[in-house]
Amino acid sequence: MLPLLLLLLPTAHGIGKVSNKPALTQEKLEGVTTASTFVLDQPRCVFNNYSTAVIWLVVALDKDAYAFNNSAGPGTNETAFQRFPDPVHAYMTLNVTLNSYPCPKPAGDITVLRVGSETSCAQDETRPTCNGPLPGPGPYRVKFLALEGSVPVAETDWSAPITLRTAKSPNSIPTTSSGHSAGMIAITTILSILFAILLAGLVAMLVFWGSDSCGSSTFGKQESVSVRRYNTHHVYDQPAARL
């Protein structure tokens, strides 16, 4: 009977609304949204009146966010990450005490939460509050919910829809229509033509050298033959013999 009364207590007294709406961080960070994660600002100075509460993040599909039951307990089959998004349409994760969100924010601190960053527990059903990778582009909505024990005592508004990035299909990537691809094709064509010209010149040179060596022979210069003339000196020096 007591658990039933605890569940009815928030309905009877109403859940406190805090003036906060979760949003993607405005910090200059890489990958504020990826294919399976997104980054939120922490709820600093939001739940100051609930010092004994545990703050949970509720992640839901956009179309199912407002149907979420605040009395659904964290860590149950009704809110387990491993069963999201079907049949579970919203799960609860990133539970911390208020001490983790000190107010005011220390100067220079980057106070953000990356939703979807845990991969080790994504398939581990013993960790139903896993902050596992989101299964699709969404869109999603999130809110922070403060529980004292199992009783919800305060909540923020739902965020605006958050859509993740989607990877492009290889078939959708243009090959020749983009300027980059056309430039690459032009460079490749020019290099191919230059290579063909160079190759043709090399072949022609080899053919010319081959024909020159086969059609002509190199002969040494023929040595001239000289005949030395000898004069018999006594024929000219002495007078002719008279008969």
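**Exercise 1. Describe the aromatic cluster and classify the ring pairs by geometry.**

Ring pairs link Phe81, Phe84, Tyr91 and Tyr140 into a cluster, where rings of Phe, Tyr and Trp (its six-membered ring) pair if their centres lie within 6.5 Å, and planes under 30 degrees apart count as stacked, over 60 as edge-to-face and the rest as tilted. The model is a predicted one, in which local features need pLDDT of at least 70 and side-chain atom pairs count only at pLDDT 80 or more, while totals for chains, interfaces and linings use all residues. Residues are numbered from 1 along each chain as its sequence is written, and side-chain values use heavy atoms, with hydrogens and water left out.

*Solution.* The structure holds five aromatic pairs. For phenylalanine 68 and tryptophan 158, the ring centres are 6.4 Å apart and the planes stand at 90°, so this pair is edge-to-face. The pair links distant parts of the chain, since phenylalanine 68 belongs to the loop between β3 (54–61) and β4 (90–97) and tryptophan 158 to the loop between β7 (151–155) and α2 (179–215), 90 residues apart; helices (H or I, at least four residues) and strands (E, at least two) are DSSP runs, numbered from the N terminus. Phenylalanine 68 is buried at a relative accessible area of 14%, and tryptophan 158 is buried at 9%, where buried means under 20% relative accessible area, exposed over 50% and partly exposed in between (1.4 Å probe, protein chains only). The rings of phenylalanine 84 and tyrosine 91 have centres 4.9 Å apart and planes at 65°, so that pair is edge-to-face, and phenylalanine 84 and tyrosine 91 are both buried.

**Exercise 2. Find which parts of the chain the salt bridges of aspartate 157, aspartate 62 and lysine 143 tie together.**

*Solution.* A search of the whole structure finds seven salt bridges, each being a side-chain nitrogen of Lys or Arg within 4 Å of a carboxyl oxygen of Asp or Glu.

1. Aspartate 157 pairs with lysine 17, their closest N and O atoms being 3.8 Å apart. Because aspartate 157 lies in the loop between β7 and α2 and lysine 17 in strand β1 (residues 16–17), the pair ties together parts 140 residues apart in sequence. Aspartate 157 is partly exposed at 38%, whereas lysine 17 is exposed at 55%.
2. Aspartate 62 and arginine 141 meet at 2.5 Å, N to O. With aspartate 62 in the loop between β3 and β4 and arginine 141 in strand β6 (residues 140–148), the pair ties together parts 79 residues apart in sequence. Aspartate 62 is partly exposed at 24%, and arginine 141 is buried at 15%.
3. Lysine 143 bridges to glutamate 155, with the closest N and O atoms 2.5 Å apart. Lysine 143 lies in strand β6 and glutamate 155 in strand β7, so the pair ties together parts 12 residues apart in sequence. Lysine 143 is buried at 3%, as is glutamate 155 at 9%.
4. Salt bridges that share partners join Lys17, Lys143, Glu155 and Asp157 into one network.

**Exercise 3. Which elements give two or more residues to the largest nonpolar core?**

*Solution.* A nonpolar core is a set of buried Ala, Val, Leu, Ile, Met, Phe, Trp, Tyr and Cys residues joined through side-chain atoms within 4.5 Å. The largest has 30 residues, and those with the most contacts inside it include Phe38, Phe47 and Phe144. The contributing elements are β2 (38–41), β3, β5 (112–115), β6 and β7.
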